Amino acid sequence: MAATHPAHPGTALTGRLQPGAPAPDFTLPDAAGQAVSLADYRGKNVIVYFYPKAATPGCTTEACDFRDNLASLQGSGYEVIGISPDSPAALAEFTGDFALNFPLLSDQDNAVALAYGAWGEKVLNGEITEGVLRSTVVIDAEGAVVLARYHVDAQGHVAALRDELGL
């Protein structure tokens, strides 16, 4: 029997996204509570990354790495969106504390993480738990998945992503 999502009883966990598949659309609130949709980025390449919790060491490392590389990524034609289960208020604090310069979106019921295959088992402090998997999906201008990486390391992730994308 397939595992189910805790916030969506009876909903089976989806598989991981594959290159060429259409990226699941979403609309989520940003740090200011404004709705942001993947459709808003149609015509642009976008890097959507999922992280477990704002202001934790690994998530801060990864967010600051995207912040520090944003101009270069945008210069190469890529926008960046971060998604976590944090509330918009927590995202606003995280954005302000670390001068983050790209949208962070609130997926409080983890529905988007589920749709993107960024939810599953992980080991936390030696215990197996279920939660958001640190994952990155690159989507092309037409809305198709270019690449999807799961269980990525926070440290050095943007450099590895740049290498994979040939940037």
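In the predicted model, strand β6, spanning residues 78–84, is mostly covered, with six of its seven residues buried. On one side of the pairing scheme, β6 is joined to strand β5 (residues 45–50) in the parallel sense, over six bridges. Within this pairing, Ile-47 has Val-80 of β6 as its bridge partner. The connection from β5 to β6 passes through helix α1, which comprises residues 57–75, and the resulting β-α-β crossover is right-handed. Strand β6 also pairs with strand β7 (residues 104–106); these two strands run parallel and are joined by three bridges. Here Gly-82 stands opposite Leu-104 of β7.

Helix α1, the crossover element between β5 and β6, also meets helix α4, formed by residues 157–165. Two packed helices are described by the angle between their axes and the distance between the axes. For α1 and α4, the axes come within 9 Å and cross at roughly 40 degrees. The two helices are therefore oblique to each other. From α1, the contact involves Glu-62, Asp-65, Phe-66, Asn-69, Ser-72 and Leu-73, whereas α4 contributes His-157, Val-158, Leu-161 and Arg-162. Classified by residue type, this contact of α1 with α4 contains four nonpolar, three polar and three charged residues.

A further set of contacts centres on Val-138, a residue of strand β10 (residues 135–139). Val-138 counts as buried because its relative accessibility is 1%, below the 20% cut-off. When neighbours within four places in sequence are set aside, the contacts of Val-138 include Val-46 and Ile-47, and Ile-47 is the residue bridged to Val-80 in β6. Tyr-78 is likewise in contact with Val-138, as are Ala-144, Val-145, Val-146 and Leu-147. The remaining partners of Val-138 are Leu-161 and Leu-165; Leu-161 is also among the α4 residues that meet α1. By contrast, Gln-34 lies 23 Å from Val-138, C-alpha to C-alpha, and the two residues are 104 residues apart in sequence.

Antiparallel pairing is found between strands β8 (residues 119–124) and β9 (residues 127–132), which are linked by six bridges. Val-123 has Ile-128 of β9 as its bridge partner. Together, β8 and β9 form a hairpin in which two residues lie between the strands. Asn-125, located in the turn of this hairpin, has a positive phi of about 55 degrees.

Terms used. Residues are numbered from 1 along each chain as its sequence is written. This is a predicted model: local features need pLDDT of at least 70, side-chain atom pairs count only at pLDDT 80 or more; totals for chains, interfaces and linings use all residues. Side-chain values use heavy atoms; hydrogens and water are left out. Buried means under 20% relative accessible area, exposed over 50%, partly exposed in between (1.4 Å probe, protein chains only). Helices (H or I, at least four residues) and strands (E, at least two) are DSSP runs, numbered from the N terminus. Two strands pair if DSSP finds at least two bridges between them. A crossover is right-handed if, with the strands pointing away from the viewer, the path from the first strand over the helix to the second runs clockwise. Axes are lines fitted to C-alpha atoms, for helices over the stretch in contact, and angles run from 0 to 180 degrees between N-to-C directions. Angles under 35 degrees count as roughly parallel, over 145 as roughly antiparallel, 65 to 115 as roughly perpendicular and the rest as oblique. Contact means heavy atoms within 4.5 Å. Ala, Val, Leu, Ile, Met, Phe, Trp, Tyr, Cys and Pro count as nonpolar, Asp, Glu, Lys and Arg as charged, and the others, Gly among them, as polar.
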